Amino acid sequence: MKKSILLSAMLFAAVTASGQGDAESYLKYTKNAKPASTVAAADTAKTKKEKARDVMNEKFPYRGLCEWEPGMRFMVVPDKRDLVIRTFTDSVTGQKVSNSPLRHKIFVYTGHDDLEGHGRVHFRCEEDQRRYYYEVPTGSFDDYCLTKFGVPALAYLGDVDIARKELLGKTLTTKALKYYRDVEYGSDGAEEVTMEGTGHVVKVVAIGVGTRRFPVKIIVSGPTKKGDKTEQEFYQYVAISRTNCGLRGDEFSLRENQNHTFETAFDMKDDLASAGAYAGWVGKTVCTNYATQMRNASDKLVTVARLSVFVIDKISLQSGSRYAKLTLRQANNSKVVYTKDVLFSDMDGTSSVSKPEQRVFEKLFIEGDPTLHPDVKPQHLAAITRGNIQVGFTEAEVRLSRPDEPSVIDEGDTVIWLYNHYNTRRARVVFSKLNHRVISVKM
């Protein structure tokens, strides 16, 4: 089926304004790298045997060639084979061009077309706006885009950009025994860094472009030996979404690739903000159902009163622990921040946890700000916070006063709520069915 080349004029204008010099921002080196003399691209390109895995599907979505959209950005990062085989054709001259002068140029995908059974994938160079295309080697574009091969020599910058936003400054722990250190600026030359065991706490200090297969270069700073307080910079190339990596799924488990998935290279000590099943809670307002201890900005344990209202800023899954760390900002003063380790009810072992009202998220917190409920009067809040139920309270006010679930007895014109749980104060609360308000309380 004939397809026209897709090109957005607005995108063209926006990229043109920011294109020159932007490629250098993707080239990151460990700080021990020596200044390079003139380095020939053909002499310094070095194939890295690394691997990728779609570790964080939501943050790093996979984009198969069939799903590419105009504006997706790539960097030309040829390996040794790509320096021999010419990948791209100049759209104006129709001549194939060497990958060497294109090295580290940013290519913007502009669309594809099919010409009598063979396809072309089109790009524009950000730096000089020249147009290039990749000739699909066999068959139509529709057939080719379903394969793993993609476009050679191109490292997907989308993963790099997302990783900068999500991982820069994060604390990780090492899981591999071998990482790398740059030899000199402008060069792909690297030396191995051998780790003494795993589990070293490191901080992400820079993120740049890696290779076509493993486009994200994560540079960290930390120790390489147990008990050593000396910090060194080293890196690992990883692919996260696998976009245009050119590998089949089973190839990610090969021995030479085992250090180069994100999950085999690093573990999140302070996990991605609100990863996985708990992401929906981030940004929501919650209220404490019980008085509880939290850590303040100085990392000191302080007691937070019942009915304290917060906005969840972040949820971090902690390495080697069943607990998730909540970062909470006070609703009426966003500068006041606390952290609290909790278990979610679907985490293993919550049924055997002692004091679940202090540890289980769903018991400790109420979603929303119940103090804004239309049936909760501001003048009753002080008594509610102390757990003192008074005549005239509404059902909503009683529930806020006593977070444990009562036994309910229907007495015709009245309803009795009995609070007789072993670890709470006993109470007998009688409601009128007429207006659903408390008419008597016996504590």
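Is Cys287 buried or exposed? Cys287 counts as buried, because its relative accessibility is 0%, well inside the cut-off of under 20%. Keep in mind that we're looking at a predicted model here.

**The cysteines**

Let's stay with the cysteines for a moment. Searching the whole structure turns up 1 disulfide. The partners are Cys66 and Cys145, with an S to S distance of 1.8 Å. What about its handedness? The torsion about the S-S bond of Cys66 and Cys145 is about 90°, so this disulfide is right-handed. The bond ties together distant parts of the chain, with its two cysteines 79 residues apart. Cys66 sits in the loop between α2 (41-44) and β1 (73-76), while Cys145 belongs to the loop between α4 (141-144) and β7 (154-156).

The two ends of that bond fall into separate burial classes: Cys66 is partly exposed at 38%, whereas Cys145 is buried at 8%. Cys245 is buried too, with a relative accessible area of 4%. Here are the values side by side:

| Residue | Relative accessible area | Class |
|---|---|---|
| Cys66 | 38% | partly exposed |
| Cys145 | 8% | buried |
| Cys245 | 4% | buried |
| Cys287 | 0% | buried |

Why does Cys66 miss the buried class? Its relative accessible area is 38%, and buried means under 20%, exposed over 50%, so Cys66 ends up in between, as partly exposed.

**The seven-stranded sheet**

Now for the sheets. Both strands named above as loop neighbours of the disulfide, β1 and β7, turn up in an open sheet of 7 strands. Reading across, the order is β3-β2-β6-β5-β4-β1-β7, and the pairing is antiparallel. At the edges you'll find β3 (96-97) and β7, each of which pairs on one side only.

Take a look at β1 and β4 inside this sheet. Strand β4 covers residues 106-115, and it pairs with β1 in the antiparallel sense over 3 bridges. If you want a spot to check on screen, go to Met75, which stands opposite Ile106 in β4.

**The four-stranded sheet**

Another open sheet has 4 strands, running in the order β22-β23-β24-β25, again with antiparallel pairing. Its edge strands are β22 (407-410) and β25 (438-442), and each of these pairs on one side only. How much are neighbouring strands of this sheet turned against each other? On average the angle is 20°, ignoring direction.

At one edge, β22 is joined to β23 (residues 414-419) by 4 bridges, and the two strands run antiparallel. Here Ser407 stands opposite Leu418 in β23.

Key. Residues numbered from 1 in each chain as written. Predicted model: local features only at pLDDT ≥ 70, side-chain atom pairs only at ≥ 80, totals over all residues. Heavy atoms only, no water. Disulfide = S-S within 2.5 Å. Buried < 20%, exposed > 50% of the residue type's maximum accessible area, 1.4 Å probe, protein only. Pairing = 2+ DSSP bridges. Axes fitted to C-alpha atoms, helices over the stretch in contact; angles between N-to-C directions.
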